[in-house]
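Biologist: I am new to this structure. Please pick one part, look at it closely, and then work outward from there.

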Number of protein chains: 2
Amino acid sequence: MNNKEILIKNGISPSFQRLQVYSYLRKNNVHPTAFKIYNDLKKQIPTLSKTTVYNVLKLLAGKNLIREVKIEDNELRFDAVLQEHGHFKCSECGKVTDVFYDKEFVDFIEKRNKITDIQFNIIGICENCLNNKN
Amino acid sequence: MNNKEILIKNGISPSFQRLQVYSYLRKNNVHPTAFKIYNDLKKQIPTLSKTTVYNVLKLLAGKNLIREVKIEDNELRFDAVLQEHGHFKCSECGKVTDVFYDKEFVDFIEKRNKITDIQFNIIGICENCLNNKN
DNA sequence: TCATAATTTATACTTATTACAATTATGTAA
DNA sequence: TTACATAATTGTAATAAGTATAAATTATGA
């Protein structure tokens with residue numbers, strides 16, 4: 001199923017801009033901010049508006065096609081990998097990588113509460129940056 | 001060791017405002033936002049400035065006496081419970097409660113990377129709100 | 001008491017996100 | 001095809017959290 005079909009299946013009419021934003025997120029799996037998405041896509045779509053990007057992101061997140069990722073203040077990032085996982089952000093190089101964790105204790109919480117979102121973010125310095133320092 | 005002594009021990013001169021903010025966080029373990037702290041304390045300290053609250057919070061966080069907790073956009077919350085744990089925020093009543101989790105896989109990550117902060121936030125509907133609905 | 005440093009305060013600024021109204025595109029019935 | 005209704009996009013202005021800055025106040029120590 002391609003990106004266009006996924007949008008349609010989720011009740012989103014696949015306009016050009018929506019398809020571009022969604023495709024960008026699925027291709028560039030780097031947890032970009034809204035501004036980065038806007039900035040990168042503007043090269044291909046010069047008329048693109050920042051509001052559109054925010055609208056589309058909100059729409060996609062509402063349909064659970066992407067996930068909002070909150071790591072640092074003033075930057076909401078987005079992720080098209082839906083499998084349950086956390087994130088590690090290197091405070092040196094800024095890269096955000098995925099961290100997959102055991103579901104056991106999440107299941108425990110889920111027994112009594114209704115979970116709608118999990119944000120698991122680890123901030124630190126990655127192996128690569130640690131080595132480059134010495 | 002009382003709050004004043006803790007501040008001194010961590011190299012923070014215990015001014016009235018600093019002591020008030022720190023004591024507030026230790027007493028009111030509800031993960032308040034900076035604005036809530038400011039608003040509540042202003043009743044006792046009418047001259048209190050928002051900037052002071054932000055300054056003190058930053059100072060305390062820098063000395064690891066409190067932890068910044070990022071759960072939803074546009075609201076940075078603060079926590080004086082330093083034991084490693086996550087948070088569950090009920091999207092109905094807004095309450096934030098603590099969730100303690102197994103350290104095993106964090107240790108795994110720590111073997112190769114340097115961890116400076118962990119943000120583990122679960123958003124959902126709490127038992128209480130689920131029951132009240134029916 | 002006075003000088004100096006530390007702290008607090010008020011104001012202005014930055015920046016991510018949202019609200020809103022105007023414009024443009026799209027799909028359908030005549 | 002045309003006209004119209006609806007949906008989508010755009011640009012601008014507003015909102016609000018957090019920060020920078022500098023002035024004012026307070027504390028400290030000789």
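Modeller: Start at A:Ser49. One of its polar backbone atoms is 3.3 Å from a phosphate oxygen of DNA strand D. That is a polar contact (N or O atoms within 3.5 Å; within protein, one must be able to donate a hydrogen and the other to accept it, and residues adjacent in sequence count only through two side-chain atoms). The model is predicted, so local features need pLDDT of at least 70 and side-chain atom pairs pLDDT 80 or more, while totals for chains, interfaces and linings use all residues. Residues count from 1 along each chain as written, chains are lettered from A and ligands numbered from 1 in written order, and side-chain values use heavy atoms, without hydrogens or water.

Stay with DNA strand D. A:Arg18 also reaches the phosphate: a polar side-chain atom lies 2.7 Å from a phosphate oxygen of the strand. A:Thr51 reaches a base instead. Its polar side-chain atom lies 3.1 Å from a base oxygen of DNA strand D.

Now the wider surroundings. There are 14 residues around DNA strand D, each with a heavy atom within 4 Å of the strand. A:Ser13, A:Ser15, A:Arg18, A:Thr52 and B:Tyr54 come nearest. On the DNA side, sugar and phosphate make up 73% of the strand's atoms that come within 4 Å of the protein. Both chains take part. In chain A, α2 (16-27) and α4 (50-62) each give at least two residues to this surface, and so does α4 (50-62) of chain B. The largest share is three residues, from α4(A). Helices (H or I, at least four residues) and strands (E, at least two) are DSSP runs numbered from the N terminus. By class, the surface holds three nonpolar, 10 polar and one charged residues. Here Ala, Val, Leu, Ile, Met, Phe, Trp, Tyr, Cys and Pro count as nonpolar, Asp, Glu, Lys and Arg as charged, and the rest, Gly included, as polar.

Next, DNA strand C. It has 16 residues around it, and A:Tyr54, B:Ser13, B:Ser15, B:Arg18 and B:Thr52 come nearest. Sugar and phosphate give 77% of the atoms of DNA strand C within 4 Å of the protein. An N or O atom in the side chain of A:Tyr54 is 2.6 Å from a phosphate oxygen of this strand. Chain B adds backbone contacts. A backbone N or O atom of B:Thr47 lies 3.0 Å from a phosphate oxygen of DNA strand C. For B:Ser49, the distance from a backbone N or O atom to a phosphate oxygen is 3.2 Å. The elements that give two or more residues here are α4 of chain A, with α2 (16-27) and α4 of chain B. This surface has four nonpolar, 10 polar and two charged residues.

From the DNA, move to where the two chains meet. Chain A gives 28 residues to the contact and chain B gives 27, with contact meaning heavy atoms within 4.5 Å. Two salt bridges cross this interface; each needs a side-chain nitrogen of Lys or Arg within 4 Å of a carboxyl oxygen of Asp or Glu. A:Glu127 pairs with B:Arg112 in a salt bridge, with the closest N and O atoms 2.5 Å apart. Side chains of opposite charge can pair when their charged atoms come close. Eight residue pairs are in polar contact across the interface, both residues at pLDDT 80 or more. On chain A's side, β1 (67-72), α5 (104-112), β5 (114-125) and α6 (127-133) each give two or more residues. β5(A) gives the most, 12 residues. The residues on that side divide into 15 nonpolar, five polar and eight charged.

β5(A) also pairs across the interface. It runs antiparallel to β5 (residues 114-125) of chain B, joined by 11 bridges; pairing takes at least two DSSP bridges. Within this pairing, A:Asp117 stands opposite B:Ile123 of β5(B).

Last, chain A on its own. It has six helices and five strands, in the order α-α-α-α-β-β-β-β-α-β-α from the N terminus. Its C-alpha atoms fill a box of roughly 45 × 45 × 30 Å along the principal axes. Inside α3 (residues 34-44), A:Lys36 and A:Asp40 sit four residues apart, about one turn of the helix. Their side chains meet in a salt bridge of 2.9 Å, N to O.
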